[in-house]
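I sat down with this one to see what I could look up for myself. These are my notes, in the order I made them.

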Amino acid sequence: MPRYDFRCRACGDTFEINRPMAESAAPAACPHGHTDTVKLLSTVAIGRGGGVSSGGGVSSGGGGVPSGGGCCGGACGC
C-alpha cells in the first residue's frame, strides 16, 4: 500500500499515512487533530540490488557505466 507524506500547517508536524491510491487525494488530519494539512511531494529511490556471484562475493548488479534514470540521466550514478 502506498505511503503518503503530509505536513500540518497549524503545528508544522510531518507525518505519514498508508492508504490506497484511490484515496490519495483525500484530506488527512494530523496526529494532533488539526485538519489544515498539505500532501508533500515524495521521491522514491530505487537502486539496482547486487546479487551473490558464483565466487561467493557480491556482484555489482550489471557493472559498467550507469545509463538512464536518476535525477541527471544516470551521470551521477544514482
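**The core**

I began with the largest nonpolar core, which has seven residues: Y4, F6, C8, F15, I17, A28 and C30. One thing to keep in mind while reading on is that this is a predicted model. I then checked where the core residues come from, and the elements that give two or more residues to this core are β1 and β2. β1 supplies the largest share, three residues.

**Counting the elements**

I wanted the overall layout next. How many helices and strands does the protein have? I found zero helices and three strands. Reading from the N terminus, I get the run β-β-β.

I also looked up how much of the protein is tucked away. It has 78 residues, and 14% of them count as buried. The exposed surface comes to about 5800 Å², with carbon and sulfur atoms supplying 54% of it. For contacts between residues at least 6 apart in sequence, I noted that 24% join residues at least 24 apart.

**The sheet**

In what order do the three strands sit in the sheet? I read it as β2-β1-β3, an open sheet with antiparallel pairing. β2 (14–18) and β3 (37–39) are at the edges with a single partner strand each, so one side of each has no neighbour in the sheet. I looked up the twist too: neighbouring strands are turned by 35° against each other on average, direction ignored.

A reminder to myself: strands of a sheet pair through backbone hydrogen bonds, either parallel or antiparallel.

**β1 with β2**

I went through this pairing piece by piece. β1 covers residues 3–8 and pairs with β2 over five bridges, in the antiparallel sense. R3 is opposite N18 of β2. D5 has E16 as its bridge partner in β2. R7 is opposite T14, also in β2.

The two strands make a hairpin, with five residues between them. In that turn I spotted G12, which has a positive phi of about 80°.

**β1 with β3**

On to the other pairing. β1 and β3 are joined by three bridges and run antiparallel. Here I met R7 again, since its bridge partner in β3 is V38.

**Which way the side chains point**

I remembered the rule that in a regular strand the side chains alternate between the two faces of the sheet. Then I checked it on β1. Y4, F6 and C8 point to one face and are buried, while R3, D5 and R7 point to the other and are not buried.

β2 shows alternation as well. F15 and I17 point to one face and are buried. T14, E16 and N18 point to the other face and are not buried.

**The aromatic pair**

How many aromatic pairs does the structure hold? I found one. F6 and F15 form it, and the pair is stacked, at 5.7 Å centre to centre with 15° between the planes. I checked both residues for exposure: F6 is buried and F15 is buried.

**Stop at C8**

I picked C8 to list its contacts. Not counting residues up to four places away in sequence, C8 touches D13, F15, C30, H34, D36 and T37. Two of those names, F15 and C30, were already in my core list together with C8.

**Two loop residues**

I finished in the loop between β2 and β3, where S24 lies. Is S24 buried or exposed? Its relative accessibility is 19%, and the cut-off for buried is under 20%, so S24 counts as buried. Leaving aside its neighbours within four places in sequence, S24 is in contact with Y4, R19 and K39.

D36 is in the loop between β2 and β3 too. At 39% relative accessibility, D36 counts as partly exposed. Its contacts, with neighbours within four places in sequence left aside, are R7, C8, R9 and A10. I also looked up one distance: the C-alpha atoms of D36 and R7 are separated by 8.7 Å, though the two residues are 29 residues apart along the chain.

Note on methods. Residues numbered from 1 in each chain as written. Predicted model: local features only at pLDDT ≥ 70, side-chain atom pairs only at ≥ 80, totals over all residues. Heavy atoms only, no water. Pairing = 2+ DSSP bridges. Helix = DSSP H or I, 4+ residues; strand = E, 2+ residues; numbered from the N terminus. Axes fitted to C-alpha atoms, helices over the stretch in contact; angles between N-to-C directions. Buried < 20%, exposed > 50% of the residue type's maximum accessible area, 1.4 Å probe, protein only. Contact = heavy atoms within 4.5 Å. Areas by Shrake-Rupley, 256 points an atom, 1.4 Å probe, with all protein chains shown as cover. Core = buried A, V, L, I, M, F, W, Y, C linked by side-chain atoms within 4.5 Å. Phe/Tyr/Trp six-rings, centres within 6.5 Å; stacked < 30°, edge-to-face > 60°.
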